[in-house]
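Work through the exercises below with the model open. Try each task before you read its solution.

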Amino acid sequence: MGAWSIRLFPVSLVLWAAGSATTASGAGIDFEKDIRPILAEKCTLCHGPDESKAGLRLTGIEHATKVLESGRRGIVPGEPEASEILQRVRASDPDETMPPPGKGEPLTAAEQAKLEQWIAGGAVWPKHWAYAKLAPPRVPAVPDALYLTHPIDAFVFSRLAREGIAPSPEADDITLIRRFFYDLAGLPPTLEQVEIYRSALAADRETGLARLVDDLLASPAFGERWARHWLDRARFADSDGFEKDNHRPDAWRYRDWVIDVIQTDMPVDRFTIEQLAGDLLENATPEQVLATAFHRQTMTNTEGGVDKEEWRVAAVMDRVETMGAVWMGLTLTCARCHTHKYDEITHAEYYRLFAYFNNGDETTTTVRESDEAWARYEKALAAHTEIAREREAEIAAAREELQGRIGDWERRLGEWLGRAEAVAEPERTPVAVEGFAAPKGVRFALAADQSVLIGGANPASATYTITAKLPPGRITGLRLEVLPDPSLPQSGPGRAKHGNFVLNRVNLSVKGHSRNPIRFGDVAADHEQDGWAAGGILDDKVSAGRQGTGWAVGGGIGKAHFVDLGFVEPIENEEATEFTLELVQNYGGQHTIGRFRLSAMTTPTVLAMPPPVRLALATPAEGRTPDMETAILRHVERLDDLTRPLLAQQAAHEAKRPLAPEMDVRVLTERQSDRRATHILKRGEFKEQLAEVRPGTLAVLPPVRHRGERGDRLDLARWLVGGENPLPPRVLVNDIWAQLFGVGLVPTPDDFGVRGDRPSHPELLEWLATEFLRQGWSRKALIRTIVLSRTYRQASDHRPELLDRDPKNRLLARQNCFRVEAEIIRDLTLAASGLLSRKVGGPSVFPPIPDGVADVNYNSAFKWVPSEGADRYRRGLYTYFKRTAPHPALITFDCPDSNVTNLQRARSNTPLAALITLNGESFVEAAQALARRVLMEKPDGGDGARIEHAFRLCLSRAPAPSERDRLVRLLREARAWYLQRTPEAEALAGNALPDALSPGEAAAWTATVRVLLNLDEFLTRG
């Protein structure tokens, strides 16, 4: 069926509607349209759920008909004269009239008449349409059922027929193909795709359209396109916001999760549950916990002096209000401070919702960077493991051979130990420091006693890199002395305010030595702080704070101390030999050494062996335990000429072990102990606590069911999408409709309450919501249903005859024509030019930005460094979004600021838009690339043929003769101008020119194709 059948049935529909119109006459007062707005605007301020003056509450007929304090009834159905409310709105006495002077505008005569007519008709007070139970409506029966088989069309076209309006014909093939691509993928079709789908439509229109839709729904571009819609609601950004606006290095991982689950069509009920409460699911996977990063998109205030509890409460409020807006289409923010003046949302109910989120703590979890990265890691790990097995087999054989020589090794080690134990005090030779490196600003000074005094900057942590020379001869170890000094806090020897330090690790390398880094056997110190023994220097726990280990001297502040480090093997030098020593100090809090001195030990030392080896050697062979034998073997195999190199090879190979591509992400997890109580906050002030409340939902909606005694976010999420709550299905399908028509059936997506607009097609909205549930909450299935309707496929041509009757096209007598979103404008341009990178996912990128724009943010450490290579041409979805300095192209085209959730983007039209698409660096680059593409793909064509090719690349169609001729004239004028102005030509042509292409010719074509990239037809979804 094509446009021909569309044109046939409207006449009969109109005739059918005219014949049945008498049955709908005399419908009387419409409560939603005529009465509820009056009550909301002029009555519920004083007679709402919190404040019922004189006993009158106008939130439902059961309350409005109760006996008042005066003994009368506010409303008596069927009896206007007995209804006190009617008498009061008509009263002229200021003490009697409602609303009282200063409380609201008096009811007009027309409003009074409607109120009277409504009461006389029985005062039928239905539940607000958005809160009413979902029920699948009857699909209208129309006489053209042969041609009209889609339920959406039945609802829309029967409404048009009642209005005496014919629908628009179906859009032409190219317009439809482009519309599907723009809406579902956010990209233009290629020339090849246009031809493929035009052929499919010609063969069988309905089958061809279904194939086109299914291909686009399966395309990776679909996940990216529709993820961007969701990220608006999630208030996604790459930075914290507020004055510091710090970078969020893990933010992109949540974006990738959204892209992936939308692409794989995760049912929206599960999509909801995992984002609101993935951490609370049984045996939650890392990806399900990652989904709760939805809550971590709130702004974070890290300014100095902030009250952490104040901003925690603010973040919880944002989560409550985002949930209310995104899933219920309600503005809960009003109820933060007081009961909502129009909707049935009380002050207490707001904090019952708040209670669900109040015990969610901001934490982190570890997740894979991506499935692709993990697959590469597993492949690399398998190869690494295979080589490691080979190495282990070689080592096992060498160990077997070593067993025959272990007795000789024990004898040699025993002799060394005997000589070392005979040394009462090791002999030492001073070592003069020749070089010193540390973090920026740290200075050192050499004293006459060979000590080093540290001054200058005092960083939180530091690694000192010292260069010096070992004296000639046999060196068996090093002594590090830490010394007091009057210039240090508490005289030192550390630089922390109390004079302490923490030395986490010592690394030593000797120039030309075959066994670098030098291994230490053991350490010994004259003084050790409890919990910070010198042995910690030899392990690898160098993390900050108490996550690390190391040597400290608390209890001995202001005194000199030393630590001796014994070499496993003596170092033999024929001459003074250079070495490098690293003192790693990562504890933080300025716990670094303030003054030190080095000396070399020259006599045998027991510190050449770890304590377990010394103990084993001191024990007769027959009395040794298996652990003792193992200790000796492990020590010897690192000295033996056969096993040592094999172990070194093994260690080197292990150092190349692939790192798991994992990262920490910010998430929300439920607090299990020390749970917070939730109180109503007076006027929303976090310190003004009133009555305590427990988790609960809105009384106007179906009740929530808690799994246990205390409700949590999982209960709330299941209440939202359990199928009984009518708001989320209506809100979510309205959002999907809005993406496909430019505006929802309910034009106020953030207000499904009594003050919001009513749906233009209530029965259609109900059908879509129930169909959404029937389809298992499938986003793709619902989109497919909508876009295959003839309502969606109508032409978007302006219809002057409907300008006065339906200026906003609420009746859907045509499709809507609207400019694409900010990110898509650039995507279309890059795609047409051939520059677009199709890579999916990964960290945010930095396309070119005007000089100075990124400098306006408060964070001076942030620098916008343009990405290189393919990352320069990624989709706009991946552009780094800094809240205090967003990319100007995004803001100019109405991208939201991400400070709060956004349900509907604005569409402004200012001169700045044209300045960006004509002169912005990214857009100029795209024009240059498109010019080169046209010339390379049509090397033998004349100007006219090349213009036609460029036209097809941008607009998927051939130009009309008048369009082609105008562009050819422009090209020739530009060519003549640029051929005479080489500097200007070179500036516009760019650098990447083929050898045979002159700057003048390239510039002329760039100026010409730039017109195509700025056409309304290119930037508008028609």
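The exercises cover salt bridges and one helix pair.

This is a predicted model, where local features need pLDDT of at least 70, side-chain atom pairs count only at pLDDT 80 or more, and totals for chains, interfaces and linings use all residues. Residues are numbered from 1 along each chain as its sequence is written, and side-chain values use heavy atoms, without hydrogens and water.

**Exercise 1.** Find the salt bridge of Asp240 and classify both partners by accessibility.

Step 1. A salt bridge needs a side-chain nitrogen of Lys or Arg within 4 Å of a carboxyl oxygen of Asp or Glu. Asp240 meets Arg666 at 3.5 Å, N to O.

Step 2. Locate them. Asp240 sits in the loop between α10 (220-234) and α11 (251-263), and Arg666 in strand β13 (residues 662-670). They are 426 residues apart.

Step 3. Apply the cut-offs: buried is under 20% relative accessible area, exposed over 50%, partly exposed in between (1.4 Å probe, protein chains only). Asp240 is buried because its value is 4%. Arg666, at 21%, is partly exposed.

**Exercise 2.** Describe how α30 and α33 pack, then follow Asp943.

Step 1. Helix α30 (residues 943-955) and helix α33 (residues 999-1013) pack at about 35°, axes 10 Å apart.

Step 2. List the contact (heavy atoms within 4.5 Å). Residues of α30 include Asp943 and Phe951; those of α33 include Trp1005 and Leu1012.

Step 3. Follow Asp943. Its salt bridge partner is Arg972, with the closest N and O atoms 3.7 Å apart. Arg972 lies in helix α31 (residues 961-979). Asp943 counts as buried, at 15%.

Note on methods:
Axes are lines fitted to C-alpha atoms, for helices over the stretch in contact, and angles run from 0 to 180 degrees between N-to-C directions. Helices (H or I, at least four residues) and strands (E, at least two) are DSSP runs, numbered from the N terminus.
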